[in-house]
Amino acid sequence: MTQYPDLHLYIGGEWRKTPDSLAVLNPATEAEIARLPHARRSDLDDALAAAEAGFRLWRRTAPRDRADIILKAAAIMRARQEEIALAITAEHGKPLAQARLEVIRGCEFLEWDAGEAVRTYGRVIPSAPGVRYIVHHQPVGVVLGLSPWNFPMSQPCRKVAGALASGCSIILKAAEETPAGALHIARAFHDAGLPPGVLNLVFGTPAMISDHLIRQDAVRLVAFTGSTAVGRHLTTLASEHMTPVLMELGGHAPVIVCEDTDVEAAAISSAVRKYRNAGQVCTSPTRFFVHEGAYDRFLTTFVDRAARTVTGNGMEAGVEMGPLANERRLPALQSLVEDAVAKGAKLCTGGARIGNQGYFFAPTVLTNVPAHARVMQEEPFGPLAVINPVTSLDEAIAKANSVPYGLAAYAFTNRADYADRMTDEVEAGNLSFNTLEASLPETPFGGVKSSGYGREGGTEGLLNYMVVKTVSHSMT
Ligand code: NAD
């Protein structure tokens, strides 16, 4: 395991160990691969002081110069792609090919926002003769970024990209289960010449860190990706201090399959997408509502492809799906399957852990799942698909909207009238027709309802990290 990095906190431009550490495990083998230092309150206070100093310096750095450093860091990470991908697969379990793509995706987030750094335009509003109002977009200040374990490198890249491109400094608390992606980001920025304090990286007890830092006046934005339950808690905490939040939370993506589509092609691409990252993706297609005229063919093709998914250690060639990233997701998935079956659902394939070493869970398909089964409301966040028949587009849209979530949604149809109706009526931040790609770095991404608010990426992305200041000039 020589490729796995020696883990540190990164505070004020310096690497730091602490007396407290926890094991990082390889979820495919359950072997310990590293010790992760945990921040104490004093480390957090140091990170905050460093971030305040970093902000004072970085906000006065020309956007072009900020962009140059971000682009240099991205170039360094591209050059280190293989080393980073190996570390991600070791700590997260995903197939190496997917880890390689994740590294590139993370770099693309940085590169897009670096380009946006020089385009944070304001505007001039004329008033009485000699009077002008000028609208400025200014960086909000120190950002607390909290990123999850499902994409150890690209998720923290989103927060770092938004903060640094807009002129903010950031304290990043990345996921303790998967720290190497974020560590490599900090290394790349360090090597690219980022001034000390602009980017700080901490790990530790999530509740202690968020509770301690959100209370600080200097923290001016909380940017979180993770579960709705935690997002709600952090939003409540932040609201006590009137601190704005950017919340990218859970999803429970519906897929509406209309009878006019190429059913087999839709089923195969859906099954491949469903099991990517072992289904641990907030945009993962999960609730399939298939028109009864296409249902049998769709189900048969999907189940066949699901059962043929090559599952194993992500380091091995040909593996399509690795283990779940942590042990607690095994009982979480098992109980959703058992609850659905007990309530009358049919288990078509999978439904249980594979073996007893490593957190492998079989690609699973349930059908005829009743509305009162927990899985119809709770995000499984794993390799589990529900495929139910519907008799009309009205029924499909109503069922698609029948959850508290509204992040990604998908549909397969070639009919413009169907697409038009779904564009108007499906409750989602991102809706995709005939593709399961929900977003690109250049498109805004985020949810409605309990999936959160604010957008990452696109021209909208940097707005979360900026405040509007209106300045009036009287020349008379
Ligand atoms: P969880 O709710 O325990 O934790 C979710 C994330 O929040 C983790 O990264 C965790 O470290 C962090 N967290 C937990 N408590 C925190 C606190 N008080 N302050 C700051 N951070 C805190 O769930 P889990 O078992 O880790 O993951 C499963 C669920 O998380 C899934 O059901 C899914 O909804 C959600 N999730 C979503 C995304 C996403 O991309 N939106 C990513 C990962 C996990």
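This section describes the domains, the nonpolar core, the ligand surroundings and several individual residues of a predicted model.

The domain assignment of the chain gives two parts, domain 1 (9-249 + 451-470) and domain 2 (253-433). Their C-alpha centres are separated by 31 Å. Contact between the two parts involves 16 residues of domain 1 and 21 residues of domain 2. On the side of domain 1 that touches domain 2, helices α3 (81-92) and α4 each supply at least two residues. That side of domain 1 comprises 5 nonpolar, 8 polar and 3 charged residues. In the UniProt record, an unreviewed entry, the feature "domain: Aldehyde dehydrogenase" is placed at residues 20-471. Across residues 20-471, helix accounts for 39% of the chain and strand for 21%, and the C-alpha atoms at the two ends are 49 Å apart.

The largest nonpolar core contains 152 residues, and those with the most contacts inside it are I170, I171, L199, L201, V257 and F298. Helix α4 (residues 96-117) provides the largest share of this core, with 9 residues. Because domain 1 (9-249 + 451-470) and domain 2 (253-433) both give residues to this core, it lies between them. In soluble globular proteins, nonpolar side chains tend to be buried together. The surroundings of L199 can be given in detail: apart from residues up to four places away in sequence, L199 touches V160, L164, I170, L172, A186, F189 and L194.

The ligand is surrounded by 22 residues, of which P148, S210, G226, S227 and C282 come nearest. Two helices, α7 (206-214) and α8 (228-239), each supply at least two residues of this shell. The largest share, 4 residues, comes from α8. Sorted by class, the shell around the ligand has 12 nonpolar, 7 polar and 3 charged residues. Both domain 1 (9-249 + 451-470) and domain 2 (253-433) give residues to the shell around the ligand, so the shell lies between them.

Strand positions were examined at Y10 and T367. Y10 is found in strand β1 (residues 9-11). It counts as buried because 23 C-beta neighbours lie inside 10 Å. Residues Y10 and G197 are 187 residues apart in sequence, yet their C-alpha atoms are 9.0 Å apart in space. Not counting residues up to four places away in sequence, Y10 touches W15, A186, N200 and L201. Of these contacts, L201 is also among the residues with the most contacts inside the largest nonpolar core, and A186 is also touched by L199.

T367 belongs to strand β15 (residues 364-367). With 20 other C-beta atoms within 10 Å, T367 is buried, since the criterion for burial is 20 or more. Leaving aside neighbours within four places in sequence, T367 is in contact with L299, A345, K346, C348, I387 and N388. The C-alpha atoms of T367 and H252 are 16 Å apart in space, and the two residues are 115 residues apart in sequence.

Three loop residues were also considered. G429 is placed in the loop between α13 (416-425) and β19 (430-433). G429 counts as buried because it has 24 C-beta neighbours inside 10 Å. Its contacts, not counting residues up to four places away in sequence, are G406, L407, F445, G446, G447, V448 and S451. For one of these, L407, the separation from G429 is 22 residues in sequence and 5.1 Å in space, C-alpha to C-alpha.

N277 and N434 are described by their backbone angles and burial. The phi of N277 is near 60°, a positive value in a residue other than glycine. N277 is situated in the loop between α9 (263-274) and β13 (285-291). The residue is buried, because 23 other C-beta atoms lie within 10 Å. N434 likewise is not a glycine and has a positive phi, of about 60°. N434 is situated in the loop between β19 and β20 (448-449). N434 is partly exposed, because 15 other C-beta atoms lie within 10 Å.

Definitions and conventions
Residues numbered from 1 in each chain as written. Predicted model: local features only at pLDDT ≥ 70, side-chain atom pairs only at ≥ 80, totals over all residues. Near = placed C-beta within 6 Å. Nonpolar A, V, L, I, M, F, W, Y, C, P; charged D, E, K, R; others polar. Domains from an automatic or database assignment. UniProt positions renumbered as here; feature names shortened; annotations may be inferred. Core = buried A, V, L, I, M, F, W, Y, C linked by C-beta atoms within 7 Å. Buried ≥ 20, exposed ≤ 12 C-beta atoms within 10 Å, placed from the backbone. Contact = placed C-beta atoms within 7 Å.
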